[in-house]
Amino acid sequence: LEAGFEKALPRPGSNWIVGVNLRAELHELADGRVGGAFDADEIDPAAFDAARHHDLGRVFVTVRHDTRDSPVNPYRGWMLGGDIDAAPLQTDGDVGALYRLHGNWVHAIPPLFHDGGDDDEENPPTDTFSAGARVELTSGELPFFALPTVGGRRDLRGFIQGRFRGGASWVAGAEYRFY
């Protein structure tokens with residue numbers, strides 16, 4: 001269950017964005033088999049048992065300065081932000097938090113595989129170069145499924161989602177996006 005908001009300050013369309021999100025997570029891990037090869041709880045019994053019946057109440061706070069022309073598929077601009085993802089309510093009484101700094105820079109570049117479209121087009125084909133980085137650290141106690149991860153569709157592509165997991169992570173990347 002999740003509820004939250006993001007708001008541009010001091011007025012709509014401004015570059016400063018703040019957000020607050022409240023989330024309740026109910027986790028009930030069951031014994032499982034992966035292709036009949038092994039029991040999931042045999043890989044790391046302590047981590048599995050600690051998370052077997054683990055519920056969390058989380059508070060997420062974000063602040064960022066974002067000059068990009070779109071948060072989803074930008075053509076130009078930059079973003080620098082910080083987040084705190086705290087879990088002050090946990091089944092076992094533990095308290096923990098994840099701290100994140102992240103940034104992104106995007107710049108339109110001359111097209112490589114097309115002519116760039118017409119000047120009158122609302123959204124002409126645009127090639128871009130993008131670079132970004134993220135650093136995550138934790139404090140207190142968090143279950144393994146709430147720890148920072150690297151891998152998946154957003155970073156370290158080619159590795160399964162959450163392939164690398166631990167108390168801290170960093171990732172940096174650059175890409176050429178062609179239309």
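In the predicted model, H65 is buried, with a relative accessible area of 17%. This histidine belongs to strand 3, which covers residues 53-66. Beyond the neighbours within four places in sequence, the contacts of H65 are N15, W16, W78, M79 and L80. One of these residues, W78, is separated from H65 by 13 residues in sequence, and the two C-alpha atoms lie 8.2 Å apart.

The chain as a whole contains two helices and nine strands. Their order along the sequence is β-β-α-α-β-β-β-β-β-β-β. Of the 179 residues in the chain, 31% are buried. The accessible surface amounts to about 11,600 Å², and carbon and sulfur atoms account for 59% of that area. When contacts between residues at least 6 apart in sequence are considered, 55% of them join residues at least 24 apart.

The loop between strand 1 (2-9) and strand 2 includes P10. The peptide bond that joins L9 and P10 is cis, with omega at about 5 degrees. In general, most peptide bonds are trans. S14 is also placed in the loop between strand 1 and strand 2. With a relative accessibility of 15%, S14 counts as buried because the limit for that class is under 20%. The side chain of S14 reaches the backbone oxygen of R11 at a distance of 2.8 Å. Outside the four nearest places in sequence, S14 is in contact with A8 and L9.

A total of 14 salt bridges is counted in the model. One of them joins the side chains of R134 and D155, with an N to O distance of 2.7 Å. This pair links distant parts of the chain, as R134 is in strand 6 and D155 is in the loop between strand 7 (149-150) and strand 8 (164-165), 21 residues away. R134 is buried at 19% relative accessibility, and D155 is buried with a relative accessible area of 11%.

Other salt bridges involve partly exposed residues. The side chains of R76 and D69 meet at 3.6 Å, N to O. R76 is partly exposed at 45% relative accessibility, and D69 is partly exposed with a relative accessible area of 42%. R177 forms a salt bridge with E175, in which the closest N and O atoms are 2.6 Å apart. The relative accessibility of R177 is 24%, so R177 falls in the partly exposed class. E175, at 27%, is likewise partly exposed. In addition, a network of salt bridges links E2, R23, E25, R58 and D85.

D127 presents another arrangement. This aspartate is located in strand 6, which spans residues 127-140. D127 is buried but has no salt bridge. The nearest side chain of opposite charge is that of R177, at a distance of 10 Å. A salt bridge requires a side-chain nitrogen of Lys or Arg within 4 Å of a carboxyl oxygen, and therefore the separation of 10 Å between D127 and R177 does not qualify. The side chain of D127 instead makes a polar contact with the side chain of Y176, at 2.5 Å. With neighbours within four places in sequence set aside, the residues in contact with D127 are H107, A108, I109, P110, P111, L112, F113, H114, Y176, R177, F178 and Y179.

On the surface, F5, V20, L22, V61, I84, Y99, L101, V135, L137 and W170 make up a nonpolar patch of about 980 Å². Strand 2 (16-28), strand 5 (96-109) and strand 6 each contribute at least two residues to this patch. One member of the patch is L101, which is found in strand 5. L101 is exposed, with a relative accessible area of 59%.

Technical notes
Residues numbered from 1 in each chain as written. Predicted model: local features only at pLDDT ≥ 70, side-chain atom pairs only at ≥ 80, totals over all residues. Heavy atoms only, no water. Helix = DSSP H or I, 4+ residues; strand = E, 2+ residues; numbered from the N terminus. Buried < 20%, exposed > 50% of the residue type's maximum accessible area, 1.4 Å probe, protein only. Lys, Arg positive; Asp, Glu negative; His and termini not counted. Polar contact = N/O pair within 3.5 Å; in protein donor to acceptor, adjacent residues only side chain to side chain. Contact = heavy atoms within 4.5 Å. Patch = residues over 30% accessible without salt bridge, like charges linked within 9 Å, V, L, I, M, F, W, Y side chains within 5 Å. Areas by Shrake-Rupley, 256 points an atom, 1.4 Å probe, with all protein chains shown as cover.
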